[in-house]
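Student: I would like to learn how to read a chain interface and its charged pairs. Can we work through a case?

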Amino acid sequence: MSEGLHVQDIESFYGDFKALHGVSLSLEPGRVLALIGANGAGKSTLLKSICGLVSPKAGRVTWKGRDITGLPGSQTVALGIALVPEGRRLFKSLSVEENLILGGQVGRKGPWSLKTLYDLFPILNEKRSQPATSLSGGQQQMVAIGRALMSNPDLVLFDELSLGLAPIVIKDIYAQLPKITGQGMSAILVEQDVTRALGSASQFLCLAEGRVSLAGRPGDHSRDAISAAYFGT
Amino acid sequence: MTQFTLSSFSISRSTTASRIAGAIALILLAILAAAPWWASSAFLHLAGEFAVYLALATLWNLLAGYTGLVSVGQQAYVGLGGYLTFSLALFLGVNPLLAIPLAGLAAALIAIPVASLVFRLQGAYFAIGSWVIAEVFRLIAAQATALGGGSGISLPAAVTKQLGAKWLREASIFWLALALGAGCLAFVYLLLRSRIGLALTAIRDSEVASTSLGIRIGSVKHVLYILVAGLTAMIGALISLQKLRVSPDAAFSVNDWTAFVIFIVVIGGIGTIEGPIIGTVVYFLLREFLADYGTIYLLLLGTLAIVIMLAAPKGLWGYAAERFGWSLFPVGYRITFPDSGKD
Amino acid sequence: MDILNTILQGVLVGGLYALFAAGLSLIFGVMRLVNIAHGDLIVLAAYIAMEVIKLTGLPPLAALVFVVPVMAAFGYALQRGILNRTLGGDLLPPLLVSFGLSVILQNGLLAVFTADSRKLDAGALETASATIGGISIGLLPALMFATAVAVIAGLQYLFYNTALGRAFRATSDDAEIAELMGLDRRKVYAWAMALCLGVVAIAGVFLAIRSNFDPFMGPGRLIFGFEAVIIGGLGNLWGTLAGGVILGVAQGIGASIDPGWQILAGHVAFLLILALKPRGLFPRMDG
């Protein structure tokens, strides 16, 4: 129980709306979990409850054996949890490089630095002093990923990586994903494209209306079962 | 999802408490209207002042609590009303009582260009912008040598005489105060019950609602600002007759006509109709006991306002209403389920 | 030559107004807060300087060594203790709480120091002047202007070239995501308020050397600072200097026509710019 991430029966609210009705999951170190579900199923709220942007009203989140339920976002990052938020949400008055530096501000040791990131995404090196939001969508997504990696996390939460990006760009980014997760890092991947998400993950969890409708390994369930769980039917 | 059949609930706009409150208010109004025959002139004076603050607080609350227009410059219109009344009476020989509505009308006209200027400022900057306007009016008044310049002017005895003998003068000023106080309250109450009022409340409570109601809220705010300016100026005109004197610093005082008013509304409950009434009562009670302490009194009011804003942002009334479900002036619709114990 | 002199003096006074405005602009930029008590805090700094001078016998400008950290610490505490609780999207709480604070400061100062007007004596600095091309430039106004330029340049540098400035900008852009970078917004805001009141301390001391002050001067200073911010354009620090200068010049020209028109002329200039260029003369491009 002590290793990795364990979410037990959490209930969380999005504003006044109860978005999660007792959700549980477990993720061992080095694994990738695909989190799927229709719009409004509670995927983003689950990620936010893990990284501390939403404080669950009930249940427990433990990380590396430590209870982090309700711990604010400014502290979870120091424990090695990073979020690549939906819509990227780059700091618009910061340059590309400043966005990255800010990501590394907590000063955790690890493989990622400006240099290794620029090796991974050379285009960011070229554009490092431009305002982050002046880049193309795909490049902005690289900055958002880089910003999260700069904290040398042990767990990265990717929220809607491919949203609003061209297919070719999505393909590029997913091609880099093994290099990122290959460093022994765990990841939770929220993705509209179920096939792509399942293809990149060793386990999956499907949410419907704030509850777990199906979970397991991608190969264990038929497409029809997953599809039924997705739509909550 | 829980299902309700149509017969299992009823919708009403009034509550028993509100009907009783309405009846009591009318009886109270009648008794008060007869006050010149049964009360001392000190009472008339105090009651008149109460009505003035009630009216100012009710109007400020309409702007800040329902349309998000937080003005720190309503003293602009209080002073303007006083100065316009004196100008009309002194230079045009208009009867001062008749000058009151004229001053209100003129001030509303002046508020039209003012609104188009200050509405360019957003949110908190609107607040300070409105303050600048009040300062401009005050400085212009201080330059008006015909009205006594910086030291102000008293209403000459010849003009005061037009208001009748002492009893009649005091009575009519009191009646005016009563009419303005009750009138402003009724105006805001009826407005908030109207379609526009419901739209304003909905927008305040939820951003999404605004578009679906199909009311152009920008122009509603504009019109309300101008209406409130006119009414505030009428109150200012009345104040000038209560004091029989205007001076720039007193007529355009930010403390007297805005700070106290803000404290009244915040303490009583911003964004509720009852709040300003409760707040005015609390304000006058505190003042009776603490006014001798001057600065301490203001320190206390300021602290009280901050504590309430942080701990119970809906004020005394909002706190009570939430706790006990009270409502004296229901502006929304209530759904009552017969089988549910509380309501 | 007279008109040139009037304009020049106005420009130099504008430096003081820019000092009033810089702090306002800073905290609005970082946390969208408009602090109604800003002017009263300037006056508070003046009184603190007066007490420091009484205790230590230092000349006013040297007293800044104490006044700046004291005000900055007060700003940090004020933000963490009170103002942070008011921030959450709704317009009313910060506005009304800072308004209450303004009344408390005014009456608190009145209770402690009475309504008598005071002044800080800077000795020879106040009368020293140099004549350049037939125009006499006072050392004090020149110093005031130079300080304003230095303060704004310093803030600009801090904002765009330091980790703290990065934290300010990031929190202003997206406070929620900034949290995930390890930035606790309550602390970031407190540092911004500390910095703001540090600047306020400098403004307060110059105000107190230049003219008489009393507990009720605050609102007027708030308004001048606010006008300078709007004239210069929201979110532009150098703009506040331009705004201050325009305000100072307008007041100077007004005063040269009739002393009663000094303040009025400044307000009129502000309203004119509001009517013609509602976003100010130098609005920030990405605003």
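Tutor: We take the interface of chain C and chain B, then the salt bridges, in what is a predicted model.

Student: How many residues of chain C are in contact with chain B, and with how many residues there?

Tutor: A contact list shows which residues of each partner take part. Here 41 residues of chain C touch 35 residues of chain B.

Student: What is the area buried between chain C and chain B, and what share do carbon and sulfur atoms give?

Tutor: About 3,500 Å² is buried between the two chains, and carbon and sulfur atoms give 87% of that area. On the side of chain C, the residues that lose the most area to chain B are L96(C), F99(C) and F226(C), together 17% of what that side buries.

Student: Which elements of chain C give two or more residues to the side that touches chain B?

Tutor: They are α4 (92-113), α9 (218-232) and α11 (262-276) of chain C. The largest share comes from α4(C), with 14 residues. By class, that side of chain C has 32 nonpolar, six polar and three charged residues.

Student: How many salt bridges does the rule find across the interface of chain C and chain B?

Tutor: The rule finds zero salt bridges there. Polar contacts are a separate count: four residue pairs between chain C and chain B, both residues at pLDDT 80 or more.

Student: How many salt bridges does the structure hold over all chains?

Tutor: The total is 21 over all chains. One of them joins E176(C) to K48(A), with the closest N and O atoms 3.8 Å apart. That pair crosses between chains, from helix α7 (residues 175-179) of chain C to helix α1 (residues 43-51) of chain A.

Student: Why does E176(C) count as partly exposed?

Tutor: A residue between the 20% and 50% cut-offs is called partly exposed. E176(C) has 22% relative accessibility, so it falls in that class.

Student: In the salt bridge of R186(C) and D184(C), what is the N to O distance?

Tutor: The distance is 2.9 Å. R186(C) is partly exposed because its relative accessibility is 45%, whereas D184(C), at 11%, counts as buried.

Student: Which residues do salt bridges that share partners join into one network?

Tutor: K48(A), R89(A), D174(C) and E176(C) form one network of this kind.

Student: Is R217(A), which forms a salt bridge with D220(A), buried or exposed?

Tutor: R217(A) counts as exposed because its relative accessibility is 55%. In its salt bridge with D220(A), the closest N and O atoms are 3.6 Å apart.

Terms used:
Residues numbered from 1 in each chain as written. Chains lettered and ligands numbered in written order. Predicted model: local features only at pLDDT ≥ 70, side-chain atom pairs only at ≥ 80, totals over all residues. Heavy atoms only, no water. Contact = heavy atoms within 4.5 Å. Buried area = accessible area lost by both parts, 1.4 Å probe. Salt bridge = Lys/Arg side-chain N within 4 Å of Asp/Glu carboxyl O. Polar contact = N/O pair within 3.5 Å; in protein donor to acceptor, adjacent residues only side chain to side chain. Helix = DSSP H or I, 4+ residues; strand = E, 2+ residues; numbered from the N terminus. Nonpolar A, V, L, I, M, F, W, Y, C, P; charged D, E, K, R; others polar. Buried < 20%, exposed > 50% of the residue type's maximum accessible area, 1.4 Å probe, protein only.
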